[in-house]
Amino acid sequence: MQLSINNSEIIIYFLFFILFPILQPITLRSQPLSNNQEVIELSSEWPLEIRDIDVNSTKIGVYEKFEISFDLSGEWDNPFDSNQIEVNAYFCTPEGDTLKVPGFFYQEYYPNDGRRLEITGNSEWKVRFTPTEPGKYSWQITVNNKGTEVRSNREIFESVNYNTNHGFLRISKDNPHYFEFDDGTPFFGVGMDREQGNTYPNEQIYCRFASAGGNFNRLFLTNGTLNLGEINPNNPRHDRGIGKINLEGAWHLDQVIESGEKLGIYHMLSLTNQWTFNQRWDDHAYNKENGGVLNSPVEYWSNEEALKYFDRFLRYVVARWGYSTSVFSWDLWNEYSAMPGGIDSTLSVPWHQRMSCHLDSIDVYNHVTHTNDAFLNGFDWMHSLPEIELISTNIYMIRNMADVAYSWSKKFTEKYDKPYVLTEFGTGHGRERAVGGYSGLDPQRRMIHNGFWGALMGGSACTALPWEFNWLDHEIFYTYLKAVSTFVENIPFSKRKWRPVEVESFRFKNEDDGKPKYRDVIVEGWTGNFYLSEYVPDIFKIDKRGNVDYPESLNAVLGARENTAVEFQIDYPVNGEFMIYICEVRGRQTPQLTVLLDGQEVLREDILPLDIENYQPFLHNQSYSVPVSKGNHRIRIENSGKGSFVTSFELKKYVHKNSDLEIRGLQTEDFILLWLKNQKFTLLHSLVGDDIQPQAEGLLHLKDLADGRWIAEWWDTVDAKKIKTDIVESKNNQIVLEPPVVNASIAVKLRKII
């Protein structure tokens with residue numbers, strides 16, 4: 001029989017036979033090869049041998065991943081135990097240096113139906129390496145299996161400089177308060193704390209985040225999708241438990257890190273977590289009841305077996321992700337100070353010193369190493385350790401975030417001469433249970449906005465990082481990101497020495513009657529995530545500028561049994577008001593607010609549940625006004641009932657003013673950065689229903705700056721829109737700016753051009 005084939009069929013057959021060999025590997029790598037395989041075989045009982053070595057390429061860009069994959073046989077029960085099986089690769093650089101890089105056990109997965117992972121193919125071993133200079137590198141794998149050693153042949157790959165990667169992110173040598181890349185390019189972090197990084201929604205969220213200018217995130221390797229082993233699962237598997245690595249979690253982390261590499265997002269990796277010990281001890285891998293080695297969490301700091309297990313964990317983390325330029329730092333703890341024994345320096349300091357030293361010995365890329373404090377202020381004995389290269393602390397339930405982010409960024413950088421990052425902030429744990437979660441409590445995301453700009457103007461290396469709970473993946477959040485990222489673009493933070501802006505005065509363009517005016521002052525104590533000073537004065541004095549003496553002693557919680565009252569010494573310049581805000585109520589019993597002015601009772605009221613839909617005590621947010629005449633007074637606020645409540649205060653007409661704008665900024669000889677915020681643009685005022693009144697145009701006088709001509713770009717930080725561009729001139733070390741109307745918040749960036 002004769003076959004008849006037309007031209008179109010010839011083309012189809014041709015494409016099939018040409019493209020099939022090319023497409024087949026891609027197809028096989030994206031589909032599960034062994035659907036019936038449900039258990040990863042960890043043990044091996046075969047002669048020691050390295051087989052089937054493969055590399056991802058023999059020509060690699062500088063700062064890109066060179067990956068070696070191979071099969072390995074030998075005798076071991078646990079491939080994560082380097083005492084049983086230790087894999088290293090030795091790389092000889094073009095400059096002649098030898099670098100030792102650990103290898104790791106690996107399993108590929110396939111996300112069936114987009115979520116459930118299925119094992120793909122057989123397990124294997126890998127080494128990941130990043131060349132940091134162009135030229136030829138030689139490499140060799142060495143395996144030690146219980147005292148017996150084998151080596152691979154020495155091979156070569158070439159590194160090429162494509163000029164597409166700035167390198168690893170470091171602490172700047174020019175200005176240790178900021179970050180920069182290996183090639184010297186300055187970096188300012190615009191970020192968030194999306195700590196679990198679930199692979200599937202994270203891919204879309206990361207794209208939106210990066211498109212808005214986001215470039216910095218913190219990930220927890222201890223719970224959720226990225227749990228590498230601290231918490232045992234409900235269904236035990238061979239790769240779970242103490243001394244093991246959850247390979248599914250590791251695969252998820254691979255995807256997140258690779259997304260970061262593509263999108264320019266850099267990560268703090270938090271390696272262990274007080275939450276898993278405090279909240280999930282019954283499921284914890286280190287618990288003896290689960291096959292671990294500890295009777296209680298506090299033993300974790302000094303138990304030698306536990307220390308060795310964490311050493312092995314660090315080795316695996318460095319081996320698998322140390323190569324990546326998307327990994328900025330090893331964050332040894334999330335909130336070490338909330339861990340049992342954490343605030344005992346005799347326990348936590350030696351632990352941190354040991355683990356920092358171990359990381360130094362195995363991480364050839366020298367990532368930044370630090371820890372994280374549960375308390376905003378933390379402890380000097382930890383912050384001052386040379387092994388802790390960066391200060392990282394958290395704060396919750398503060399409603400005036402602008403002042404907190406600004407003042408503490410400034411304090412830490414000045415005192416310790418290290419970078420500071422406020423790594424977590426939010427409306428408070430438990431608030432996610434409110435209707436709408438964090439976004440229901442703060443729909444305008446005022447706290448996020450003010451945390452961003454307060455940290456920036458306080459000299460932080462990064463915006464403060466808001467905690468997730470449903471208020472980050474939103475148009476408002478991305479608009480705030482865009483405003484900050486656009487503003488800081490091309491500012492050489494790490495190449496300058498910055499100091500606070502000196503404001504001479506502010507005047508409205510159209511002065512009315514020339515009479516003195518006074519603005520309000522917020523006084524806010526601490527409700528949590530702050531280590532209160534042991535000394536508490538009988539009376540807190542508030543000076544004429546609105547500053548409280550001993551602010552680190554001011555507890556915002558007034559209880560029936562402890563800290564039942566707080567008393568202030570105040571000096572009003574004119575008749576005004578003292579506002580008491582009861583932000584939340586704690587306990588099931590009824591508190592009672594009593595206020596005494598100069599020893600005379602002026603207010604007594606039971607704090608009862610509000611008759612509103614979906615009332616929740618931690619959203620109480622009621623205000624109480626006490627008129628105060630001009631002059632010196634004492635005002636005492638008591639909980640004369642039961643339970644407890646959380647307070648904030650505001651002194652109306654207390655400080656002499658030119659405007660209600662809060663002005664914060666940084667300057668150098670050739671840059672000036674200013675943030676002008678309406679005083680009422682806070683979460684506190686939003687919660688109590690205090691409206692914002694726009695501020696009229698004015699004249700802002702700055703002093704102590706270089707003479708010359710400057711280009712000034714004005715931005716609306718809420719809408720992320722440029723308002724105007726001016727050319728201004730400074731004379732006699734002074735300059736006069738003309739701020740536009742300020743509805744909520746604006747910023748101006750001045751760059752000297754002559």
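These legends go with a set of views of one predicted protein model.

Residues are numbered from 1 along each chain as its sequence is written. In this predicted model, local features need pLDDT of at least 70, side-chain atom pairs count only at pLDDT 80 or more, totals for chains, interfaces and linings use all residues, and side-chain values use heavy atoms, with hydrogens and water left out.

**View 1. The whole protein chain, with twelve helices and 39 strands.**
Helices (H or I, at least four residues) and strands (E, at least two) are DSSP runs, numbered from the N terminus. The radius of gyration is 30 Å, close to the 27 Å that the globule rule gives for 754 residues, so the chain is as compact as a globular protein of that length. That radius is taken over C-alpha atoms, and the globule rule is 2.2 Å times the number of residues to the power 0.38. Along its principal axes, the C-alpha trace spans about 105 × 65 × 60 Å. Of the contacts between residues at least 6 apart in sequence, 74% join residues at least 24 apart. Contact means heavy atoms within 4.5 Å.

**View 2. The surface and the charges of the protein chain.**
About 32400 Å² of the chain is exposed, and carbon and sulfur atoms supply 46% of it. Accessible areas come from the Shrake-Rupley method with a 1.4 Å probe; for residues, only the protein chains shown count as cover. Buried residues make up 56% of the 754 residues. Buried means under 20% relative accessible area, exposed means over 50%, and partly exposed lies in between (1.4 Å probe, protein chains only). The chain carries 74 positive and 103 negative side chains. Lys and Arg count as positive and Asp and Glu as negative; His and the chain ends are not counted. The centres of the two sets lie 4 Å apart. Each charge is placed at NZ of Lys, CZ of Arg, CG of Asp or CD of Glu.

**View 3. The largest nonpolar core, with 145 residues.**
A nonpolar core is a set of buried Ala, Val, Leu, Ile, Met, Phe, Trp, Tyr and Cys residues joined through side-chain atoms within 4.5 Å. In soluble globular proteins, nonpolar side chains tend to be buried together. Phe91, Leu271, Tyr300 and Trp453 have the most contacts inside the largest core. Helix α5 (residues 304-321) gives the most to this core, with ten residues. Apart from this core lies another, of 30 residues. Among its members are Phe540, Val566, Tyr572 and Phe578.

**View 4. Phe91 and its contacts.**
Residues up to four places away in sequence are not counted here. The partners of Phe91 include the aromatic residues Phe66, Phe129, Trp139 and Phe157. Ile68, Leu99, Val101 and Val127 are also among them. Asp97, Thr98 and Ser138 touch Phe91 too.

**View 5. Asn78, in the loop between β3 (66-76) and β4 (85-92).**
At 10% relative accessibility, Asn78 counts as buried. Leaving aside neighbours within four places in sequence, Asn78 is in contact with Gln84, Ile85, Gly243 and Lys244. Glu738 is 660 residues from Asn78 along the chain, and their C-alpha atoms are separated by 68 Å.

**View 6. Glu335 and Asn529, two loop residues with positive phi.**
Glu335 sits in the loop between β17 (327-331) and α6 (345-362). Its phi is about 60°, although Glu335 is not a glycine. With 7% relative accessibility, Glu335 counts as buried. Asn529 belongs to the loop between β23 (517-523) and β24 (540-541). Phi of Asn529 is near 55°. Asn529 counts as buried, at 16% relative accessibility.

**View 7. Asn732 and Asn733, in the loop between β37 (721-730) and β38 (734-737).**
Asn732 is exposed, with a relative accessible area of 65%. Asn733 counts as partly exposed, at 40%. Gly708 lies 24 residues from Asn732 along the chain, with 9.7 Å between their C-alpha atoms. For Asn733 and Gly708, the separation is 25 residues in sequence and 9.0 Å in space, C-alpha to C-alpha. Not counting residues up to four places away in sequence, Asn733 touches Leu702, Lys703, Asp704, Leu705, Ala706 and Asp707.

**View 8. Thr479, in helix α11 (residues 475-488).**
At 21% relative accessibility, Thr479 counts as partly exposed. Beyond four places in sequence, Thr479 touches Val718, Asp719 and Ala720. Gly213 is 266 residues from Thr479 along the chain, and their C-alpha atoms are separated by 9.6 Å.
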